[in-house]
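Dear colleague,

I am passing on the structure we spoke about, with some notes that I hope will help you find your way around it. Please have the sequence and the model open side by side as you read.

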Amino acid sequence: MRELLAALFQEQDYKHQLKIHRGEISSFWGSSRCSPVLAERRKWIDSTPELNSFESPEAVPLLAEATALLRLPEAISSCRVLGTFLEPDFLLLKKNESGAFQFVGGSVCFPSSWKPEEKFGKPLAEIHSPVPHLNEEIGTQIHLFLQRLRPGHSWERYNWGLSRSSELNQHPVRKLPPLLPETEPGDIWVRIEHQSLLALPVTTGILFGIRIVNVPLLDLLKDSQISMHFARMLRTMPEEMARYKGILAIRPNLLRHIASLPQLRIDDPH
């Protein structure tokens with residue numbers, strides 16, 4: 001886990017980054033039939049399918065290709081059913097007439113405070129538009145990478161946020177408690193999205209997957225170097241980005257707490 005945290009929190013100011021690396025398809029997409037994650041996925045798919053399972057007619061050939069690529073049973077006939085076989089959330093992305101990739105199907109049971117049902121049918125640039133400055137800073141880089149994506153590997157990256165809950169399903173409809181100025185560090189989790197992109201060579205679509213990894217903030221703060229890098233990223237995160245991530249209210253007190261840790265010497269955050 002330290003290796004992952006060290007890769008996420010490096011000695012630099014906060015900025016949007018693509019940071020893609022190669023991974024293994026079987027490692028990311030493999031699932032145990034007795035997995036508690038899979039059991040929770042099935043619970044949400046059965047109880048609130050309108051919030052997590054999506055499919056347009058355009059998704060059908062991508063679904064068939066993704067199922068074959070992952071060597072799953074041919075009987076899988078819908079994104080909803082596929083969602084009960086896979087631990088990761090997944091989106092099927094298809095090129096539209098303008099060449100942009102569009103969300104045409106998937107199963108998203110564990111969103112990080114966003115509403116998949118509102119993103120269904122939209123191109124990626126529009127899906128990303130609420131994220132402050134993401135399209136302006138790396139939108140072209142994302143588009144070019146996806147256009148050049150080649151099959152045979154799981155191309156992977158990580159994203160992070162903070163949460164007051166370790167619940168996997170953080171759909172806004174659940175109204176989970178937000179981070180407040182008085183929230184104690186022991187009640188905060190580093191919520192990591194481990195993402196995978198697989199090219200579908202026949203349909204030229206993309207299978208996009210997300211696994212959630214929750215790390216107690218106190219575990220991160222045990223490492224002095226990672227804590228210092230984390231504090232720097234918090235301190236340099238633009239205000240609108242901190243607001244979007246739900247971090248703005250907690251940031252001053254959290255920076256003061258980190259600066260007060262006996263093993264650190266961090267400049268006063270103000």
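Five bridges join strand β3 (residues 89-95) to strand β7, and these two strands run antiparallel; within that pairing, leucine 92 stands opposite leucine 207 of β7. Please keep in mind throughout that this is a predicted model.

On strand β7 there is also a pairing with strand β6 (residues 189-200), again in the antiparallel sense, and it extends over twelve bridges. One of the partnerships to look for is that of alanine 199 with isoleucine 206 in β7. The hairpin of β6 and β7 has four residues between the strands, and there threonine 204 takes a positive phi near 60°. Nine of the twelve residues of β7 (residues 205-216) are buried, so this strand is largely enclosed by the rest of the structure.

Turning to the nonpolar cores, the largest has 58 residues, and those with the most contacts inside it are Phe9, Trp160, Leu162, Leu220, Phe230, Leu234 and Leu254. If neighbours within four places in sequence are left aside, the residues in contact with tryptophan 160 include Leu8, Phe9, Tyr14, Arg191, Ile192, Phe230 and Leu234. A second, separate core has 17 residues, among them Phe28, Leu62, Cys79 and Leu200. In soluble globular proteins, nonpolar side chains tend to be buried together.

Leucine 200 deserves a separate look. Its place is in strand β6, and because its relative accessibility is 1%, under the 20% cut-off, leucine 200 counts as buried. With neighbours within four places in sequence again left aside, leucine 200 is in contact with Leu62, Glu65, Ala66, Leu69, Gly205, Ile206 and Leu207. The C-alpha atoms of leucine 200 and glutamate 65 are separated by 6.8 Å, although the two residues are 135 residues apart along the chain.

Finally, there is a pocket to inspect. The second largest pocket has a volume of about 220 Å³, and the residues that line it are Ile25, Ser26, Trp29, Gly30, Ser31, Arg33, Leu69, Leu70, Arg71, Leu72, Phe85 and Leu86. Helix α2 (residues 25-29) supplies three residues, the largest share of this lining. By character, the lining residues divide into seven nonpolar, three polar and two charged. Leu69 appears both in this lining and in the list of contacts of leucine 200.

With best wishes

Technical notes: Residues numbered from 1 in each chain as written. Predicted model: local features only at pLDDT ≥ 70, side-chain atom pairs only at ≥ 80, totals over all residues. Heavy atoms only, no water. Buried < 20%, exposed > 50% of the residue type's maximum accessible area, 1.4 Å probe, protein only. Pairing = 2+ DSSP bridges. 1 Å grid on protein atoms, 1.4 Å probe; cavity = no way out; pocket = protein on both sides within 12 Å on 5 of 7 lines; lining within 4 Å. Points joined across faces, edges and corners; volume = space filled by probe spheres on them. Nonpolar A, V, L, I, M, F, W, Y, C, P; charged D, E, K, R; others polar. Core = buried A, V, L, I, M, F, W, Y, C linked by side-chain atoms within 4.5 Å. Contact = heavy atoms within 4.5 Å.
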